[in-house]
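Biologist: Could you take me through one part of this model slowly, as I am new to reading structures? I would like to look at one chain's domains and a pair of its helices, and then see the neighbouring chains.

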Amino acid sequence: MASVIQPEIAPGTVRTVPSLLSIHEVAKSFGPTPVLRNISLDIAEGEFLTILGESGSGKTTLLRIIGGFETADSGKILMGGERLDPLPPYRRRVNTVFQHYALFPHLTVEENVGYGLRVAKVSREELASRVEQALAMVKMTAYAGSKPSKISGGQQQRVALARALVNRPQLLLLDEPLSALDANLRRQMQVELKSLQREVGISFVFVTHDQDEAMVMSDRIALLRLGELEQVASPREIYSRPATAYTAQFIGHTNLLRGEVKGGIVRCHSLSWRVDLPDGPVLFSLRPENIRFAAGPLGSNAVHFRARLRTRIFHGATELLQAECADGLVLSLRTASYDNRHGDLDLEFAPADAIPVRDSDDLKNRN
Amino acid sequence: MELPMSSPNRSHWLPWHATLVFGFLYLPIVTLIVYSFNGSGVGGFPPRDFTLDWYRELFTDDAIWNSVLNSLFVAFAAVAIALALGIPAALALDRANFPGKALFRRLVLLPLILPGIITGLSLLMLFREGGMKLSLVTIILGHGTALISVATTEVFAGLQKLDRAQEEASLDLGANYWQTFWRVTLPNLRLSIIGAALLIFTLSMDEIAVSFFLIGRDNTLPLEIWGRLRRGITPEINAISTIIFVFSLAAIVTWYRLRARAEGRVEIAAELVEAAS
Amino acid sequence: MFSRAYRAAITIPPLLWVALFLLLPYALLFCYSFWSVSPAQMIVRSWTLNNYRELFRVNVYLQTLFRSMWIAARVTIFSLLLGYPLAYYLSFGAGVKKDFLYQLVIIPLWVSYLVRAYAWKTILGSDGVLNTLLQYVHLTSHPLNFLLYSPFAVVLTLTHIYTPFAFLPIYAALEHIPRNLIEASHDLGAPPLQTFRRVILPLSIPGVLAGATFAFVLSLGDFLAPLLLGGPSGIMISNIVVSLFGAAYNWPLGAAISFGMLVLVIGLLFLSERLEKKWSFR
């Protein structure tokens, strides 16, 4: 049985957990357009995995294939060692929270939540008690007798959650469930969902295009781009060690520096520093928060340079400054907001913070 | 949009049922057409002796031609009346608030669902009391009244799809209400109005229930056919029926295309449901 | 937003027309139903309840009314039985053919009533297409007489005419069901048949009610099909009215029946509307 390497909880430890769901070389095209290309992914028991991607990345299609609402053209899916893909949705031990909740308008909240149990012909007493539990878990007990049209979006979302979880599935799929909520409610629900997942202990597969959301909630993020997995790693890992230029740009801000390595030294515009890389072209990702004002603490192997401040963008606690070097290179750096410098700036960064990344096809013509 | 995996109808009897129903719906019409070319007349299986005689007889039949002319006259007039009153009615229902609006709405739409006999008889009484002689004019008034409902529903549906912002922009740029109506509202309703006209025209040409009671000396085409039917079946009637079918077919398909273009999806059912309530 | 002149222009002409050509005639119908006719065939405008008493006293009126309602009921049931699965197939199973098939259904709807009724007449007669076909293939040896000039012919013809009418609102209702509800039902473990019973059917009921109302009301008041195909045993209530306005010349009595029908139809419409609202979950 396949297993999944869990993200590092404490440095130096590695944990292996049995995998619940195994996606093996799944591909799907709609007509002539390929939407998923040979996706292989394992989902661990009890983990919160986010499938992150832009629209058109194939993330929703992948989720729907797991749920059984689409069939893959090739590949297979195994759950607990057995083939999942030939089964129709109503025979899978998987439940879904739909993007627009899909609550049944002709049933009350209570009846909605109990739907799956009624279909499974669960006894009346057990049904009532499990529904009550589920409603309490999402704090919707007071609305048991209401119709979906009478409750708010956020409340509908909780009901949808209860309706899925009451069936005790092995896997819960969530299709951008928070996208219709306004910002504050969304943040609140993110935290609630995360703690709910910990409490219930089952695997959640969450789909979103919002990278902040992904970072807040996930144990692991699977970044999907044009039907292919760009990187699968914990939020921390994916942020500090992006594998490709796309990943570096999609998650958080970054500066992409293109340079040429020769004899252990890389030249990038008028900047240069020592690297342990083979000769040839190279692309670096440098996060704005890693560029600091030169003051000495970084040590003598820091890369120093001068640049003129062009714009500053206020972000509340921090600011994003854009500075232009003499050779035309423009870099973004992040500072605390009370900083009031202007004009020419003395800046520096540590070479270790310039992470080499794989080039992504459509970013070749930048910088 | 069809559901792939989660399609609820893996049942195989549905397409068969659909085929049967279509067969049921079209069989009589197909039979009619086939037998309009049948030499040995209306009944009798199998059909033999292909002939165009019945059509030839039709073309020399003066009474039929007269009734066609009468029907055309009535239809055009009915379209005019129905649109002249239906368009304002649709606008009023969409935008204005006035006492008795709910009652007005139901009254306007009532003839859609009321059996023709009631509409016809009540109008007959009106003309009687008013001392008006029955003629093509009374038929025109009857058709017009009954078909206002069709004009109203079509134009109302078109109004729903209308972008209010366009009218507001027009007012913002200095045009008054009348100018906005002629320059912005009406052109946007063009497709709905043409579709409505087409539909009303076809329905008027086919109308018999209301016309039955309001007929004077001159017959419309359906009533002419009706009169002959009372006397006996002739294959000539098959021929004229086939022609009517072909024209109706052309009209309805055109109407459908116009509607689909105007709104992207055709939902006449929605208005009929509205009208029934 | 609109000027008073504009508002007046769009409300007054239709209101006037409706008042003159709809309200007033119904009012006249009402009045006539309380008047009577003299032996000299003149309308006597003195108010009396005689006509209505007559309706209840003489059996034939109530009998015919009940027979008409029974015919209308059968037409409604058959139209629904034919129309619902058809609407379901178009909405859920037809895929790319949906648009084309939809046109195919509405075309007969707008083709002349007369043409279609006539077509059945040529098919069902003793020398008609069906009978000669059956004899030709030796399934029968002589014509089946019950096919024409019977309630059977009336029910058959009216079902043919009103099935598309029943189809339309059902199709609209089915189309309005969000597809993710069906996926949700599957997701929660309900196979297609249960999904139909628990989700699709309840949500389609307003459409079914509307379709049934159309079919019932319009069949009830129909007089053309019985005249063409009904024979003596297929007479419906509207035929009585027609004769009262024709040969039997008793306008007030005819008006009484008509007004009664008007009230009945309006009552049915209200009832249907109430039920539809109760079953609508928006």
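Modeller: Here is a walk through chain B, followed by its contact with chain C and a short look at chain A. Please keep in mind that this is a predicted model, in which local features need pLDDT of at least 70, side-chain atom pairs count only at pLDDT 80 or more, and totals for chains, interfaces and linings use all residues. Residues are numbered from 1 along each chain as its sequence is written, while chains are lettered from A and ligands numbered from 1 in the order in which they are written.

Let us begin with the domains. Chain B is divided into domain 1 (10-51) and domain 2 (62-276), with bounds that come from an automatic or database domain assignment. Taken over C-alpha atoms, the centres of these two domains of chain B are 31 Å apart. Their contact takes eight residues from domain 1 of chain B and seven residues from domain 2 of chain B; two residues are in contact if their C-beta atoms, placed from the backbone, lie within 7 Å.

Now for the close look at two helices (DSSP runs of H or I, at least four residues, numbered from the N terminus). Helix α5 (residues 116-129) of chain B and helix α6 (residues 136-160) of chain B have axes that come within 11 Å and cross at roughly 135°. The axes are lines fitted to C-alpha atoms over the stretch in contact, and angles run from 0 to 180 degrees between N-to-C directions. That angle makes α5(B) oblique to α6(B): angles under 35 degrees count as roughly parallel, over 145 as roughly antiparallel, 65 to 115 as roughly perpendicular and the rest as oblique. On the α5(B) side, the contact is made by T119(B), G120(B), L123(B) and F127(B). From α6(B) come T138(B), L141(B), G142(B), T145(B) and A146(B). By class, the residues of this helix contact are four nonpolar, five polar and no charged. Here Ala, Val, Leu, Ile, Met, Phe, Trp, Tyr, Cys and Pro count as nonpolar, Asp, Glu, Lys and Arg as charged, and the others, Gly among them, as polar.

Next comes the neighbour, chain C. The contact between these chains takes 91 residues from chain C and 77 residues from chain B. On the side of chain C that touches chain B, helix α1 (residues 4-32) of chain C gives the largest share, 19 residues. That side of chain C has 62 nonpolar, 20 polar and nine charged residues.

Finally, the C-alpha atoms of chain A fill a box of roughly 75 × 45 × 45 Å, taken along the principal axes.
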